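This briefing introduces a structure to a reader who has not met it before. Please view the sequence and the model first, then turn to the notes below, which are grouped by topic.

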Amino acid sequence: MREKILTFIEKNSRIELKELAIILGVEEATVANELEQMEKENIICGYHTMIDWEKTSKERVSALIEVRVTPQRGQGFDRIAQRIYNYSEVESVFLMSGGYDLLVTLEGKTLREVSQFVSDKLSTLDSVISTTTHFILRKYKDHGTILCQGASDDQRMKVSF
């Protein structure tokens with residue numbers, strides 16, 4: 001039942017307990033107790049609202065930063081990842097396979113603000129070997145939600161012979 005609850009609330013964290021209980025065929029109290037227990041166990045780590053910032057007046061720049069690091073003896077990548085995720089600018093940090101070690105996502109007000117974070121804070125850390133910054137130009141789909149409706153519509157002119 002936990003996996004079913006998690007599947008539903010991952011798509012819609014605002015679903016009402018009553019509705020979720022009806023879908024699952026259990027009592028509302030059962031759903032409430034499971035949610036509370038999963039929060040205590042840190043299975044549910046938070047509830048987030050997805051916002052399409054392009055439809056607001058707030059200017060934001062999002063970046064994905066590939067980071068190559070030297071792992072720390074006895075601690076692997078955990079210590080350097082912790083140092084990075086403790087910066088307030090950082091949205092997320094992932095340990096990756098492939099050509100780089102960590103993927104850092106962050107948001108800033110301007111390109112300059114993001115680049116200053118990379119040059120002044122991230123690249124100066126002892127374990128960091130190199131960084132590659134990618135700026136997000138447009139989000140089409142995020143966390144399973146299509147943000148740009150109609151973007152996949154074919155806008156080409158029809159040509160016939």
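Arg2 and Glu34 are joined through their side chains by a salt bridge, with an N to O distance of 2.9 Å. Because Arg2 belongs to helix H1 and Glu34 to helix H3 (residues 28–40), this pair ties together parts that are 32 residues apart in sequence. The model described here is a predicted one. The points below take up its salt bridges, a polar contact, surface patches and backbone features.

**Salt bridges**

- The structure holds six salt bridges, and the pair Arg2 and Glu34 is one of them.
- Arg2 is partly exposed, at 24% relative accessibility, and Glu34 is also classed as partly exposed, with a relative accessible area of 22%.
- Arg2, Glu34 and Glu41 are joined into one network by salt bridges that share partners.
- A further salt bridge links the side chains of Glu89 and Lys121, at 2.7 Å from N to O.
- Glu89 sits in the loop between helix H4 (78–85) and strand E2 (90–95), while Lys121 sits in helix H5 (residues 111–122), so this pair ties together parts that are 32 residues apart in sequence.
- Lys121 has a relative accessible area of 29% and is therefore partly exposed.
- The side chains of Lys139 and Asp142 also meet in a salt bridge, with 3.6 Å between N and O.
- Lys139 is partly exposed, its relative accessible area being 30%.
- In general, side chains of opposite charge can pair when their charged atoms come close.

**Strand E3: a polar contact and a buried glycine**

- Thr105 is part of strand E3 (residues 102–108).
- With a relative accessible area of 15%, Thr105 is buried, since buried means under 20%.
- The side chain of Thr105 makes a polar contact of 2.3 Å with the side chain of Ser92.
- Gly108 is likewise found in strand E3, and Gly108 is buried, with a relative accessible area of 8%.
- Gly108 and Ile9 are 99 residues apart along the chain, and their C-alpha atoms are separated by 29 Å.

**Surface patches**

- A patch of negative charge on the surface gathers Glu16, Glu19, Glu27 and Glu28.
- Glu16 is placed in the loop between helix H1 (2–11) and helix H2 (17–24).
- The relative accessible area of Glu16 is 55%, and this residue is exposed, because exposed means over 50%.
- A nonpolar patch on the surface is formed by Leu111, Phe135 and Leu137, which together have about 340 Å² of accessible area.
- Phe135 of this patch lies in strand E4 (residues 128–135), and Phe135 is partly exposed, with a relative accessible area of 32%.

**Backbone angles in loops**

- Asn42 has a phi near 60°, a positive value in a residue other than glycine.
- The location of Asn42 is the loop between H3 and strand E1 (61–69), where Asn42 counts as exposed at 56% relative accessibility.
- His143 has a phi near 50°, which is also a positive value in a residue other than glycine.
- The loop between strand E5 (141–142) and strand E6 (145–146) contains His143, and His143 is exposed, with a relative accessible area of 72%.

Methods: Residues are numbered from 1 along each chain as its sequence is written. This is a predicted model: local features need pLDDT of at least 70, side-chain atom pairs count only at pLDDT 80 or more; totals for chains, interfaces and linings use all residues. Side-chain values use heavy atoms; hydrogens and water are left out. Patches are made of residues with over 30% relative accessible area and no salt bridge: like charges are joined within 9 Å, nonpolar side chains (Val, Leu, Ile, Met, Phe, Trp, Tyr) within 5 Å. Accessible areas come from the Shrake-Rupley method with a 1.4 Å probe; for residues, only the protein chains shown count as cover. A salt bridge is a side-chain nitrogen of Lys or Arg within 4 Å of a carboxyl oxygen of Asp or Glu. Lys and Arg count as positive and Asp and Glu as negative; His and the chain ends are not counted. The place of a charge is taken as NZ of Lys, CZ of Arg, CG of Asp or CD of Glu. Helices (H or I, at least four residues) and strands (E, at least two) are DSSP runs, numbered from the N terminus. Buried means under 20% relative accessible area, exposed over 50%, partly exposed in between (1.4 Å probe, protein chains only). A polar contact is a pair of N or O atoms within 3.5 Å; within protein, one must be able to donate a hydrogen and the other to accept it, and residues adjacent in sequence count only if both atoms are side-chain atoms.
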